[in-house]
Amino acid sequence: MTWHFSDADPDFGDSQAKNIVLHLQVVMVHLPVKVALANIKKQIVVMPSHVSRGRALRAAVGSHIHAYDLILAVGGEADEDVYELFEGSSHSFTVSTGRH
């Protein structure tokens with residue numbers, strides 16, 4: 001589930017988003033979900049904690065990740081688990097746009 005607040009007043013939207021995230025984390029503490037605030041995209045995401053793009057990629061390529069000539073991973077701040085698969089590789093690099 002994703003809630004986009006990019007059209008909200010910037011200060012009020014940020015404040016409300018932080019409050020909603022804190023509330024959802026308390027209410028869903030015993031559920032197998034992850035609550036994430038993506039400030040740059042102005043969205044709150046609630047997703048199953050056992051599902052991620054990184055796990056899907058790991059399952060698809062297994063331990064043979066270095067056997068491929070090219071794996072193009074394109075994403076944003078919510079895709080850190082994908083990029084962790086390539087940490088320490090001399091053949092990976094990051095390109096970013098926008099603010100950091």
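## Surroundings of V33

Leaving aside residues up to four places away in sequence, V33 touches M28, V46, M47, P48 and S49. The structure described here is a predicted model. V33 itself belongs to strand β2, and its bridge partner in β3 is P48, a residue that also appears among the contacts of V33.

V33 counts as partly exposed because its relative accessibility is 30%, a value that falls between the limits of 20% for buried and 50% for exposed. The C-alpha atoms of V33 and V45 are separated by 10.0 Å, and the two residues lie 12 places apart along the chain.

## Confidence of the model

The protein chain has a mean pLDDT of 84. A value of 70 or more is reached by 95% of its residues.

Confidence is highest in helix α1, residues 10-27, where the mean is 94. It is lowest in helix α3, residues 80-84, at a mean of 80. As a general caution, predicted coordinates should not be read in detail where pLDDT is low.

## The paired strands

Strand β2 covers residues 33-38 and strand β3 covers residues 43-48. The two run antiparallel and are joined by six bridges. Besides the pairing of V33 with P48, V35 stands opposite V46 in β3.

Strand β3 has a further pairing, with β1: these strands are also antiparallel, with three bridges between them. Here T2 stands opposite V45 in β3. Strand β3 is thus paired with β2 and with β1.

## The hairpin loop and K42

Four residues lie between the strands in the hairpin of β2 and β3. K42 is located in this loop and has a positive phi of about 55 degrees, although it is not a glycine. In general, most residues other than glycine have a negative phi.

Is K42 buried, partly exposed or exposed? With a relative accessible area of 23%, K42 is partly exposed, since only values under 20% count as buried.

## Helix α1

How far apart are the end C-alpha atoms of α1? They are 26 Å apart, which agrees with the 26 Å that its 18 residues should span at 1.5 Å a residue.

The buried residues of α1 are G13, A17, V21 and L24. They are placed on the same side of the helix because they cover an arc of only 75 degrees around the axis. In an α-helix there are 3.6 residues a turn, so residues three or four places apart point the same way. The cover over the buried residues of α1 includes β1, β2 and β3. On the other side of the helix, D11, F12, L22, H23 and V26 are exposed.

## Helix α2

Helix α2 runs over residues 53-61, and G54, L57 and V61 are buried in it. These residues lie on the same side of α2, because their arc around the axis is only 65 degrees. The buried residues of α2 pack against α3, the helix in which confidence is lowest in the protein chain.

R58 is also found in helix α2. In contrast to the buried residues G54, L57 and V61, R58 counts as partly exposed, at 42% relative accessibility. The C-alpha atoms of R58 and A36 are separated by 22 Å, with their positions 22 residues apart along the chain counted as their separation. Just after α2, G62 takes a positive phi of about 60 degrees.

## The aromatic pair

Which residues form the one aromatic pair that the structure holds? The pair consists of W3 and F5, whose ring centres are 5.2 Å apart. The angle between the planes is 25 degrees, so the pair counts as stacked, the limit being under 30 degrees.

The two residues of the pair can also be described by their accessibility. F5 is buried, with a relative accessible area of 3%, whereas W3 counts as partly exposed at 37%.

How values were computed: Residues are numbered from 1 along each chain as its sequence is written. This is a predicted model: local features need pLDDT of at least 70, side-chain atom pairs count only at pLDDT 80 or more; totals for chains, interfaces and linings use all residues. Side-chain values use heavy atoms; hydrogens and water are left out. Rings of Phe, Tyr and Trp (its six-membered ring) pair if their centres lie within 6.5 Å; planes under 30 degrees apart count as stacked, over 60 as edge-to-face and the rest as tilted. Buried means under 20% relative accessible area, exposed over 50%, partly exposed in between (1.4 Å probe, protein chains only). pLDDT is the predictor's confidence in each residue, from 0 to 100. Two strands pair if DSSP finds at least two bridges between them. The expected span of a helix is 1.5 Å times one less than its number of residues. The arc is that of the directions from the helix axis to the C-beta atoms. Contact means heavy atoms within 4.5 Å.
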